[in-house]
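I opened the model for a look round before going back to the bench. My notes follow, entry by entry.

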Amino acid sequence: MTSPKESPANAKGPPLRSDSAKGSEGAARSISATEIRLVGDVPYNSYYIGGVEVHFPFRPYPSQLGMINHMMRALNREQNAMIESPTGSGKSLALLCAVLSWQRDFMAKNRRVRANVDQIIKKFCRYNPTLAASFHGFGSMLASEDGGSGKGVPTMMDGGGIGAAEAEECKAADGCDSAGAETGSTLGPSPASGAQSPVPDTPASADTACRGEAAQCDTKATDSKREEAATSATMRVFLGMAQALWKSTASQILEHAARRIPAGLTEADIACLREGLQSGATGPPKIYFGSRTHRQVAQLVDELRRKTPYRLSMAVLGSRSQTCIHHRAPRASSVDDMCRELVDDNNCRFFSRSKLLVGNEKVRAGGELEIWDLEDIVDLGRQVQACPYFASRELAEKAQLVFCPYNYVVDPGIREAVGIDLVGSIVILDEAHNIESAAREAGSFEITDLHLARLAVDCAELMQQGIMPIQHG
């Protein structure tokens, strides 16, 4: 591995800067809960490793650069990786910075691909409006705009919805129509005879006739302008629908391209649509970061908050015994059983108010507790009188990064109970030298002689009642 001053083994460039305390990224725009942001109050160095820009709070040790390099390689190839490093070498910090940098880069690539897909859909609709309209049932609407002839379908159009300008144009056209109708009733054919009324050949009448002809021309122009604005508005609405349903639109374009590439598109456009569908179908993977104990999880949260510049939606999963704030919890022999009983009987006021904690501004993006641990959420739960346990579970559903003891990940029973879905997710197990015993415990259970005796009695009763056959074939 190269030294921190040099470009890493597969780096694409030198370190970018040594300090970013010039201001937080994206300070001028609103904070989004779906982004991974960089804050400016934490200084960091930037390195390109594995094609990804990694932000690190100081010059990383060679061992940390090696860990990040292996992490990037595994993430890019969607492979497993086992990384071993001595105690005190900064493993946790290196793992955090590596996975968050990769996730941030993944999301940026997805946004670029999505923008390209939008442009391709717009181009497809420009060159193939009738075919595009048939995708989402817009053909009948376009036909009604031109009386069913199909001639009103434009061959070129712009994106976006109808705006104030088009609305004003339509209003202006309506106003000119009424004025033109009044002018036409004076200078046009007589309703009774259909012949034009005689006009004296005087300078005044000639001037009036000229004004009448000009008014008729203006009326025709405004009619055409209004019709064009209405048709444009229809197509703008359609394009908005086609882009909103972009997955369906892209799939149908690809289906059509299997027979023949649509007009206006290229092979590169078709490849971009395929990439967009693939990335859009999966979305950014959720990160589950597990450690051995809740105390070590709290240390991970502290490193994320104090040492890294990354800010994102996160959550910490803990047990009821650690998060319950009900006054009966300290005296309960089993907090889990007490909690289930109170919730089932609708007798827990903290549970009914858990939404107040989920939507609290302190835990939102940019809030003072955007990065929180169990103690923080419990304290805040006491302040707002809301349940931290159920609030943390709900926050974890939408979080990009979830911290938990790794038995939450290893034990299928706990996974199901707290709603952890590992499909398509990134799983990091820190301090994993105890993972073998944790996996063994998750796959084992204890049974005593008393349990076996009770089981034998239950089986005998079932056989006597004819529910259970004595012999099994």
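**Loop glutamates.** I began with E431, which is partly exposed at a relative accessible area of 24%. For my own reference, buried means under 20% relative accessible area, exposed over 50%, and partly exposed in between, with a 1.4 Å probe and protein chains only. E431 sits in the loop between β8 and α18 (435–442). Its phi is near 55°, a positive value in a residue that isn't glycine.

I found a phi near 55° at E78 too, again positive in a residue other than glycine. E78 lies in the loop between α1 (62–77) and α2. With 75% relative accessibility, E78 counts as exposed.

**Ground rules.** This is a predicted model, where local features need pLDDT of at least 70 and side-chain atom pairs count only at pLDDT 80 or more, while totals for chains, interfaces and linings use all residues. Residues are numbered from 1 along each chain as its sequence is written, and side-chain values use heavy atoms, with hydrogens and water left out. Helices (H or I, at least four residues) and strands (E, at least two) are DSSP runs, numbered from the N terminus.

**Helix α2.** How many residues does α2 have, and how far does it reach? It covers residues 91–127, so I looked up the span: 37 residues, and 54 Å from the first C-alpha to the last. That is close to the 54 Å expected at 1.5 Å a residue, where the expected span is 1.5 Å times one less than the number of residues. Of the 37 residues of α2, 27 are buried, so the helix is largely enclosed by the rest of the structure.

**Two long-range contacts.** I checked I270, which is found in helix α8 (residues 267–282). I270 is buried at 2% relative accessibility. Its C-alpha is 9.5 Å from that of V117, and the two residues are 153 apart along the chain.

D41 was next on my list, in the loop between β1 (37–38) and β2 (45–49). D41 is exposed, with a relative accessible area of 65%. The C-alpha atoms of D41 and R306 are separated by 9.7 Å, with their positions 265 residues apart along the chain.

**Strands β4, β7 and β8.** Is β4 (residues 287–291) covered or open? Mostly covered, as 5 of its 5 residues are buried. I287, F289 and S291 point one way from the strand, Y288 and G290 the other way, and all are buried.

I then traced the pairing; two strands pair if DSSP finds at least two bridges between them. β4 and β8 pair in the parallel sense over 4 bridges. In that pairing F289 stands opposite I428, and G290 stands opposite L429. β4 is also joined to β7 (residues 401–405) by 5 bridges, and these strands run parallel. There, C404 of β7 is the bridge partner of G290.

Side chains alternate along β8 (residues 426–429): I426 and I428 point to one face and are buried, whereas V427 and L429 point to the other and are not.

**Cysteines.** How many disulfides does the structure hold? I got 0, taking a disulfide as a pair of cysteine sulfur atoms within 2.5 Å. I looked at burial for two cysteines: C272 is buried, with a relative accessible area of 13%, and C404 is buried at 0%.

**Cavity.** I counted 1 cavity of 30 Å³ or more. On a 1 Å grid over the protein atoms alone, a cavity is a set of points where a 1.4 Å probe fits but cannot get out, and lining residues have an atom within 4 Å of a point. Grid points are joined across faces, edges and corners, and the volume is the space filled by probe spheres set on the points. The largest cavity holds about 110 Å³. Its lining has 15 residues, of which C324, H326, C339, C348 and C387 lie nearest the centre. Elements giving two or more residues to that lining are α11 (335–344), α12 (349–352) and α15 (388–398). α11 supplies the largest share, 5 residues.

By class, I noted 13 nonpolar, 1 polar and 1 charged residues in the lining. Here Ala, Val, Leu, Ile, Met, Phe, Trp, Tyr, Cys and Pro count as nonpolar, Asp, Glu, Lys and Arg as charged, and the others, Gly among them, as polar.

Definitions and conventions
1 Å grid on protein atoms, 1.4 Å probe; cavity = no way out; pocket = protein on both sides within 12 Å on 5 of 7 lines; lining within 4 Å.
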